[in-house]
Amino acid sequence: MNLSPINERFVLHFGEMGSRWGVNRTVGQMYALLFLSPKALNSDEIAEQLGFSRSNVSMGMKELLSWKLCKLVHKPGDRRDYFETPKDVWEIFRSLVEEKRKREIEPTLTLLRDALMDEALSDEDRHAQKRMREMHELIELATGWFDEVQHLSPETLENLMRLGSKVQKVLSFAGHLRPAKRE
């Protein structure tokens, strides 16, 4: 690799983490290189800095583009394609979560909806559907919450995340303020 020690350590780490996140090592390393780069890089520069073949870079960039983790840019007078990551880390986070949702959550919700529409023919099936309904409700609640939170400004979202367990204390306090339910 043709990188400074600190950049190399970051790039190698992202390569190792890539497999845990559903991409291969080289794609993780390409993403890390682009993330750290102060300027857009073309495929030749990526290949040279990481020691990868041009075809490997080409395939990896297609994957990063499909995940919306990088974008294609052009420079005046240069016919080559250049790549860069979004500058805003919140935009990167939102893109990543939205793509994970499309690729992993939506197919699971579809499966659960289909399974819940099937007729339960036994106690075992009814039990399974009860558990699937619980999972479906939880995933729907979480994705609904994400839909609402996704429209918050990065500053508001960051403040919300920093609240952490303080939110639970506010909700608990608010619960004490409500009048008791009459039965």
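# Helix packing and salt bridges at a glance

Arg94, Val97, Glu98, Arg101, Ile105, Thr108, Leu109, Leu112, Arg113, Ala115 and Leu116 of helix α5 touch Gln129, Met132, Arg133, Met135, His136, Ile139, Glu140, Thr143, Phe146, Asp147, Val149 and Gln150 of helix α6. Sorted by class, that contact between α5 and α6 comes to 11 nonpolar, five polar and seven charged residues. Keep in mind that this is a predicted model. The notes below go through the helix pairs and then the salt bridges, of which the structure has 15. Two single residues, glutamine 129 in α6 and lysine 68 in the loop between α4 and β2, get a closer look too.

**α5 against α6**

- The α5 and α6 axes approach to within 10 Å, and they cross at roughly 150°.
- With the cut-off for roughly antiparallel set at over 145 degrees, α5 therefore counts as roughly antiparallel to α6.
- As for handedness, α5 and α6 make a left-handed crossing.
- One of the α5–α6 contact residues is Gln129, and glutamine 129 counts as buried because its relative accessibility is 11%, where buried means under 20%.
- Once its neighbours within four places in sequence are set aside, glutamine 129 has contacts with Ala115, Leu116, Asp118 and Ala120.
- Of those partners, Ala115 and Leu116 also turn up on the α5 side of the contact with α6.

**α3 and its two neighbours**

- Helix α3 covers residues 43-50 and helix α4 covers residues 54-66; the two pack at about 115°, and their axes are 9 Å apart.
- The range for roughly perpendicular runs from 65 to 115 degrees, so α3 and α4 are put down as roughly perpendicular.
- Unlike the left-handed crossing of α5 and α6, the one between α3 and α4 is right-handed.
- On the α3 side the players are Ser43, Asp44, Ile46 and Ala47, and they meet Arg54, Val57 and Met61 of α4.
- By class, the α3–α4 contact splits into four nonpolar, one polar and two charged residues.
- Helix α2 (residues 25-36) also crosses α3, at roughly 110°, with the axes coming within 11 Å.
- That angle is why α2 is roughly perpendicular to α3.
- Gln29, Met30, Leu33 and Leu34 of α2 make this contact with Ile46, Gln49 and Leu50 of α3.
- The class count for α2 with α3 is five nonpolar, two polar and no charged residues.
- Ile46 appears in both places: it is in the α3 set that meets α4 and in the α3 set that contacts α2.

**Salt bridges, pair by pair**

- A bit of background: side chains of opposite charge can pair when their charged atoms come close.
- Arginine 113 and glutamate 140 form a salt bridge in which the closest N and O atoms are 2.7 Å apart.
- This pair ties together distant parts of the chain, since arginine 113 is in α5 (residues 89-117) and glutamate 140 is in α6 (residues 123-150), 27 residues apart.
- Arginine 113 is partly exposed at 34% relative accessibility, and glutamate 140 is partly exposed at 29%.
- Arg113 and Glu140 are also both listed among the residues where α5 meets α6.
- Glutamate 106 pairs with arginine 101, again as a salt bridge, with 3.2 Å between the closest N and O atoms.
- In that pair, glutamate 106 is partly exposed with a relative accessible area of 28%, whereas arginine 101 is buried at 14%.
- Lysine 39 and glutamate 45 bring their side chains together in a salt bridge at 3.2 Å, N to O.
- Lysine 39 comes out as partly exposed at 42% relative accessibility, and glutamate 45 is partly exposed at 23%.

**Lysine 68 and its network**

- Salt bridges link Lys68, Glu99, Lys102 and Arg103 into a network.
- Lysine 68 sits in the loop that runs between α4 and β2 (71-73).
- Its backbone deserves a look: lysine 68 has a positive phi of about 60°, although it is not a glycine.
- Lysine 68 is partly exposed, and its relative accessible area is 45%.

Terms used
Residues are numbered from 1 along each chain as its sequence is written. This is a predicted model: local features need pLDDT of at least 70, side-chain atom pairs count only at pLDDT 80 or more; totals for chains, interfaces and linings use all residues. Side-chain values use heavy atoms; hydrogens and water are left out. Axes are lines fitted to C-alpha atoms, for helices over the stretch in contact, and angles run from 0 to 180 degrees between N-to-C directions. Helices (H or I, at least four residues) and strands (E, at least two) are DSSP runs, numbered from the N terminus. Angles under 35 degrees count as roughly parallel, over 145 as roughly antiparallel, 65 to 115 as roughly perpendicular and the rest as oblique. A crossing is left-handed if the near helix is turned anticlockwise from the far one by less than a right angle, and right-handed if clockwise. Contact means heavy atoms within 4.5 Å. Ala, Val, Leu, Ile, Met, Phe, Trp, Tyr, Cys and Pro count as nonpolar, Asp, Glu, Lys and Arg as charged, and the others, Gly among them, as polar. A salt bridge is a side-chain nitrogen of Lys or Arg within 4 Å of a carboxyl oxygen of Asp or Glu. Buried means under 20% relative accessible area, exposed over 50%, partly exposed in between (1.4 Å probe, protein chains only).
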